[in-house]
2 protein chains.
Amino acid sequence: MNHRNPTILDVAKKADVAVGTVSRFLNGRNIRKSNRDRIEAAISELGFRANIVARAMKTERTKSIGLLVPVFDEFNSAILSVLVDELQANGYSLLTFHHGHQAKAMIEALEAAASRRIDALLLSATEGIQTEVERQVAGDLPITLFNNDLPEVAADRVLVNDRAGTAQAVRRMVEFGHERIGFVSGDLFESTARNRLDGYLDTMRELGLPIVEELIWKQDWSRSNGHVATRAFCERTDPPTAIFYSSYILATGGLEYMRGASLVPGKDMHIVSFDDPDYFSLLAPGITAVAQPVKAVAQSLAELTISRLENDIDAPRTVTLDCDFKLRGSLGLKKD
Amino acid sequence: MNHRNPTILDVAKKADVAVGTVSRFLNGRNIRKSNRDRIEAAISELGFRANIVARAMKTERTKSIGLLVPVFDEFNSAILSVLVDELQANGYSLLTFHHGHQAKAMIEALEAAASRRIDALLLSATEGIQTEVERQVAGDLPITLFNNDLPEVAADRVLVNDRAGTAQAVRRMVEFGHERIGFVSGDLFESTARNRLDGYLDTMRELGLPIVEELIWKQDWSRSNGHVATRAFCERTDPPTAIFYSSYILATGGLEYMRGASLVPGKDMHIVSFDDPDYFSLLAPGITAVAQPVKAVAQSLAELTISRLENDIDAPRTVTLDCDFKLRGSLGLKKD
DNA sequence: GCGTTAGTTGAAAACGTTGTCAAAATAAAA
DNA sequence: TTTTATTTTGACAACGTTTTCAACTAACGC
């Protein structure tokens, strides 16, 4: 077996042209027909495949894009899938990193990604890395933020209308007769959590309902937090009649608790969740949810990023997408 | 803002040494103390970060590893997470690709990965690309197969004992009194599906139970297939009393049908699934499942691959891992 | 035919590292 | 000291592409 991959030089020799000509052929420039034929023949005969690494060194574009998310949960995995397709179609590959909501891990991943000279980074950030991100942007790494916003950064963004999505959900809950509505928040250091909480607060005020501090649970995004919060709410002497969860992970924790306590959603406790993972519709009853437009997010992400790379775009752009309310059995009329 | 990243040459100039010395420093070789100090100072002053692309071109090792799976479902996403960590810890990054069980897409992804000069590929393959994979191996790309085996390929493997896992499940089903057990298979072009089916067939025979062809549903891995198969089984005049699903996607389709038909698992129909996604334990009743050791798979994957890259390993190795049977409410005593 | 123009080509210099080799500096031995 | 062994260094050639620039060809109109 002949090791050492054939290079453009081998092709050039075999086709009896200069390397530059082969390079031009590879990049789709005009080539005299006779040469083109010989080059094509040589390439397929040698099984030549251009070395992207060498190309990257010369062109300063690796044609690879980084994806840095907190964790590869159902939401981010779905984004990943769509992304891989969209990017591949444009000749880009995807490098994946995760940080588990830890600023330190995030900085490390950022470093790793940067020293790999990725062309752009898609970032679902956590707070506390503002300055680090700004440094990268200043160092000329185009960043597209999504999911969680970092206010001051000069980057493209694909955001979801968290506030409106939550507001709509709360309004519907109230329509169903609920007035004491528990709210389980994620980590308020993240804009996503803040916006969702704001959506809840605004709507309650708007509808003239009292805001009860004890019914607002502020901790982190973990499943166990959802579990604990739900227990705390349910064990109150004056429990809420419905609970809104700021993410499906929290809701999942809640379901876990309810299952253990033999409480049936939509009967013993009405619940609504932000995010709509596949399995919500499989549960009996199904879980009412604010569905993020996952596919659209991923597509916008790819679109924004690629257009920035290929064209010469200056000003940061923001795409905001709306959520979809999915009414299922876990939310029903408040019984009295 | 000074564009153009600082290079090793800039560092060398500033520290007043030769580039070679800086390179040696970066690679942890011995350096005279005085030089080392000056180099360190220069590096941090310039914010220098070694250009991995250039390094890769010279060393012929990109320090990146490809992951090619059919789809980023819960199973593969979990693998992805663990993998990213393990690889990162060893200085490798992960490039992700998927093929959706299509041989054509798979070959394309393989090409893309190969021309990026990845150091190794982690591959959950589909059939029909045997020769293509062999070509890559011959071309010196180390491949580690997992999930689905490709019999003739000279590669490392991390496999799960599909046959034994299924056999155990079937045995338990029989212990619960079931004798007519439906089997919903995935695509039999894939070894995983074949092994699971064999586990079922062997066990039935072993226990002296008849094998009823009409209760063996052979199609693809899709959710809709699980749905259709379940309906077909349930609508028979002589339905099975229990069904085994060859993957959680199929089972999910089955659940979808049952939910629509108001059939309760573990009561109207007993079911067991291969794979144990998170949400199986949230359903009421929980779904009985054969759980793959996802984390161990990912770890072995990283271990095998890295050890092959760093040391000089010749013979292909295979790691086989056992599954764990999780008994939940969806499997119970056959009522008569 | 001949000049002009537009399109193709070859030669050679990058890109930022690492690795080789011989020379220089240091440490150890005499 | 001087000699010998060891470590560390600098210069420079790779690695496989793209790009620039000047030289060549072909095509066209007169």
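This passage describes the arrangement of two protein chains and two DNA strands in a predicted model.

In this predicted model, local features require a pLDDT of at least 70 and side-chain atom pairs count only at pLDDT 80 or more, whereas totals for chains, interfaces and linings use all residues. Residues are numbered from 1 along each chain as its sequence is written, and chains are lettered from A and ligands numbered from 1 in the order in which they are written.

Chain A is divided into domain 1 (8-56), domain 2 (64-160 + 294-321) and domain 3 (162-292 + 325-331), the bounds coming from an automatic or database domain assignment. The centres of domain 1 and domain 2 of chain A, taken over C-alpha atoms, are separated by 35 Å.

Two copies of a chain are related by a rotation about an axis and a shift along it. Here, a turn of 180 degrees with a shift of 0.1 Å along the axis lays chain B on chain A with an RMSD of 0.2 Å; the superposition is by least squares on the C-alpha atoms of residues with pLDDT of at least 70 in both copies. The two copies are therefore related as by a two-fold rotation axis. Within chain B, the C-alpha nearest this axis belongs to Leu95(B), at 2.3 Å from it.

The contact between the chains takes 40 residues from chain A and 40 residues from chain B, two residues being in contact if their C-beta atoms, placed from the backbone, lie within 7 Å. On the side of chain B that touches chain A, at least two residues each are supplied by α4, α5 (74-89), β2 (93-98), α6 (103-115) and α11 (248-260) of chain B. Helices (H or I, at least four residues) and strands (E, at least two) are DSSP runs, numbered from the N terminus. By class, this side of chain B comprises 22 nonpolar, eleven polar and seven charged residues; Ala, Val, Leu, Ile, Met, Phe, Trp, Tyr, Cys and Pro count as nonpolar, Asp, Glu, Lys and Arg as charged, and the others, Gly among them, as polar. Because 100% of the interface residues of chain B are also interface residues in chain A, the copies meet through the same surface. Strand β2 (residues 93-98) of chain A pairs with β2(B) in the antiparallel sense over three bridges, pairing being assigned if DSSP finds at least two bridges between two strands. Thr96(A) has Leu94(B) as its bridge partner in β2(B).

Both DNA strands are bordered by residues of the two chains. A residue is taken as near a strand if its C-beta atom, placed from the backbone, lies within 6 Å of it. DNA strand C is surrounded by 26 residues, of which Gly20(A), Asn30(A), Arg32(A), Ile8(B) and Ser23(B) are the closest. Two or more residues of this surface come from each of α2 and α4 of chain A and α1 (8-15), α2 and α4 of chain B. The most is given by α4(B), with five residues. The surface near DNA strand C has twelve nonpolar, ten polar and four charged residues. Around DNA strand D there are 27 residues, and Ile8(A), Gly20(A), Ser23(A), Asn30(B) and Arg32(B) come nearest. This second surface is divided into twelve nonpolar, ten polar and five charged residues.

Strands of a sheet pair through backbone hydrogen bonds, either parallel or antiparallel. Chain B holds an open sheet of six strands with mixed pairing, in the order β7-β6-β8-β9-β10-β12. Each of the edge strands, β7 (216-218) and β12 (324-326) of chain B, has a single partner strand, so one side of each is left without a neighbour in the sheet. The twist averages 15 degrees from one strand to the next. Strands β6 (residues 181-185) and β8 (residues 242-245) of chain B are parallel over four bridges, with Gly182(B) partnered by Ile243(B). Parallel pairing also joins β9(B) to β10(B) through three bridges, and Val272(B) stands opposite Thr288(B). By contrast, β10(B) and β12(B) are antiparallel over three bridges, Val290(B) having Phe325(B) as its bridge partner. Helix α9 (residues 191-206) of chain B lies across β6, β8 and β9 (270-274) of chain B and runs at about 170 degrees to β6(B); axes are lines fitted to C-alpha atoms, for helices over the stretch in contact, and angles run from 0 to 180 degrees between N-to-C directions.

A cis peptide bond links Ala284(B) to Pro285(B), with omega about -5 degrees. Pro285(B) is placed in the loop between β9 and β10 (288-291) of chain B.
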